[in-house]
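The following exercises concern the symmetry and the internal cavities of a protein model. Each task is followed by a worked solution.

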Number of protein chains: 2
Amino acid sequence: MGMTDYTRHLSTRSRTSRESAIRRTGDIAASRADVVSLAPGFPDPDSFPWDEVRDIAASLLTGGDRSALQYGPTRGYPPLLAGLAEIMADRGIRGGTSATVTTGSQQALDLCARVFIDPGDVVLLERPSYTGGITAFGNAQARLVCVQQDSEGPSVAHLDEALTRERAAGRRIAFLYVIPNFQNPTGMLTTLARRHELLAWSSSRDVLIVEDDPYGALYFDDVATAAETRPIMADDQDGRVVYLSSFSKTVAPGLRVAWIGAAPALISKFEVAKQTADLCSSSLDQRIVYEIWKRGIFTKRLPLIRQCYRERRTIMEQAVCSEFGASVTWIEPKGGFFLWVTLPEGIDTDALLPRAVDHGVLYVPGSAFHVDSCDPRTARLAFSAVSHQEIRTGIGRLASAVREELDAGPSAVSAMMAGSSSAARSSSAGSKGSSRAPGSAGG
Amino acid sequence: MGMTDYTRHLSTRSRTSRESAIRRTGDIAASRADVVSLAPGFPDPDSFPWDEVRDIAASLLTGGDRSALQYGPTRGYPPLLAGLAEIMADRGIRGGTSATVTTGSQQALDLCARVFIDPGDVVLLERPSYTGGITAFGNAQARLVCVQQDSEGPSVAHLDEALTRERAAGRRIAFLYVIPNFQNPTGMLTTLARRHELLAWSSSRDVLIVEDDPYGALYFDDVATAAETRPIMADDQDGRVVYLSSFSKTVAPGLRVAWIGAAPALISKFEVAKQTADLCSSSLDQRIVYEIWKRGIFTKRLPLIRQCYRERRTIMEQAVCSEFGASVTWIEPKGGFFLWVTLPEGIDTDALLPRAVDHGVLYVPGSAFHVDSCDPRTARLAFSAVSHQEIRTGIGRLASAVREELDAGPSAVSAMMAGSSSAARSSSAGSKGSSRAPGSAGG
């Protein structure tokens, strides 16, 4: 083809768009069959209700319901919308909340960007935060302002400081983006007390909250309870919270069905934005998910799914502990898919990645979840889509890669600390730019 | 809920977003069970391969392929991408074109907006044009500049005039958006000669072309041939054309599977934009469509589908002719879903709509396909999703509504032309702002 440089034809947004770092690691994983990938936050395909989906698809596709393969309403399949109201009510969310189906939660994040963000507006978010949010808001040319988390969740004092500073500079705050339940990437559970403080603060400062809750149903019942996952929105009297949730982690993500719950006046805005985005989500996917819920399969399977991920978490914690000893710390996840680890001093998880791939293991470096500086030792390890044996193998390989990296001593830090290259060495002082919350240390 | 006015929290885009007029008529149709809706451009559910989709779903959902319900690559299911290359090659499009799957063609339009449009950039488009394009580009804050069509397609002279004027005013041209095959809403087929002229013009003026082709396979073989549907992209040597197509009209739209074909350097940009938009399209939908194509069902069914719509076109033309006589004109559709009619002088199709609904028929007023003034007598009548009997009933009801409207004489024009309220009256002079191409008159 004649043209190779399209630069002058591209939008500013497209010229500057940031690609998802996690998706990039997917390409690496696909190129090596034997790699153990602890990178993607994929659910376990064994947790998908295969037989039930097959039965449901067979009954939906008889042609009895001629609308099953037709365009549907932008807001979603009406029986599913009614179901979502019940699911939200089960989570404590008041009646009067309206909903729209979205093509996965990524679309929900993107619709939030469309509906709330003008270029230069500020989005407040946790530090670290989910890459999908960072790209959706960042690509809409928001100014991303990340706020430190402490052991209870995002710090209200820091939030208020950031808000005051940004408003003083004449900037509009689009919203605060939080993932209170088993945050991606840290696995942190924001305490109920902190949720109340966040809501009171948002009300006093007139800020909207976008509450992203894909993992709430996946608490580990040895360390957490359903009550602790109560959404912030459940106590919202003002219609100030926009609630996002999804069936990707509890049914199957290949069925692209998630939703936004919000005040009716906002849902109308999301609906118009979704018309432009994709007219409607898959009619078949929506009906399958609806039937999974309607037939009680959704609720019935949750305890099994929780147990599955709880066991994997235990296996991963044990493996990290036995391979690394005290040299690696992490936040104890109380649910969800992830272990957020801090590797030994001298490791830069971006620089380590090629060596890790050589050793046959993949993870997501901490930098992917930051928009500014971050502790270079951090990484997200997903235990959700790997077997117990793969977890052990993967962590073993990671440990080998780390040992080799420290022995090779390529980094300035480890060169400075000559001789201190044992993998079992405990890290001493915190490194610059650490964004880690002081969570429980494993091992 | 406490907050009712979210205005200060909304983006400029959301405050000013334009809703799809067609989607609005859907709400009216849903509120009356007995209404005959000639409004939505839905395909006929009887044309969907129900049995085949059911069989395919059953074999996909055995759990043998663990990825069938998992997240997939953003660009799409790799075997489907290979299939798209073959489908495009069958349409004359050269090798070396790359593709990305999209969640329906609406997402493709939206990705074009993201990748090419900065606020204030110009999009050139046909007059009238598809509402989904108008909303996608308009909501991205493009300046929409519509260009007259003549009997061969969009006028190159008018295009060049518009381009020169807009560039002289310092504006950037994002792209030209065209629907050469059985345009929505006019049903027009751009001639091959005009396609060559458009391509040569776009090259000389360094403009990209977004070629939207959902209907190309649906030519009516009594008045058109496959050769006449050859995409503009087939003759593109420069990578200047971005080609959009879809399975919505040829398989089923509830499976949200469409695609963009373009030079690899552009597809990378679309892929990054799609990551932000929804990560990936439905894994199940993509696999079903792929199997439909792979098993030869797609190709085998096309002649039947063409015949179905050809017959409906004939029925609708006959009904319009017998109900309205010479008082209504239209462009003879050579394929696709629509009859673009001009109703008798004195009718304003926006004003007529409530009366039409009272009579039990729905259509889309011509204004929905315009961004500026338009001939108020125009309307789009879809024959795609209604039976022969419904077509006859619907056109009969439309004729009654038109007669009643003219008798009531509510519009300024018919009041002025007192007494001339016969439905069989032939319209005389063209009304102001007419955007209609001089197509063949029916009857």
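**Exercise 1.** What rotation and what shift along its axis superpose chain B on chain A?

*Solution.* The model is predicted: local features need pLDDT of at least 70 and side-chain atom pairs pLDDT 80 or more, while totals for chains, interfaces and linings use all residues. Residues are numbered from 1 along each chain as written, chains are lettered from A and ligands numbered from 1 in written order, and side-chain values use heavy atoms, without hydrogens and water.

Step 1. Chain B falls on chain A after a rotation of 180° with 0.0 Å of shift along the axis, at an RMSD of 0.0 Å (least squares on C-alpha atoms of residues with pLDDT of at least 70 in both copies).
Step 2. This is therefore the relation of a two-fold axis.
Step 3. Both copies use the same surface, as 100% of the contact residues of chain B recur in chain A (contact: heavy atoms within 4.5 Å).

**Exercise 2.** Determine which residues line the largest cavity, and classify them.

*Solution.* Step 1. There are eight cavities of 30 Å³ or more (sets of points on a 1 Å grid over the protein atoms alone where a 1.4 Å probe fits but cannot get out; lining residues have an atom within 4 Å of a point). A volume is the space filled by probe spheres set on the points, which are joined across faces, edges and corners.
Step 2. The largest cavity, of about 60 Å³, has a lining that includes B:Arg195, B:His196, B:Arg230 and B:Asp235.
Step 3. Its lining residues comprise four nonpolar, one polar and three charged.

Definitions and conventions. 1 Å grid on protein atoms, 1.4 Å probe; cavity = no way out; pocket = protein on both sides within 12 Å on 5 of 7 lines; lining within 4 Å. Nonpolar A, V, L, I, M, F, W, Y, C, P; charged D, E, K, R; others polar.
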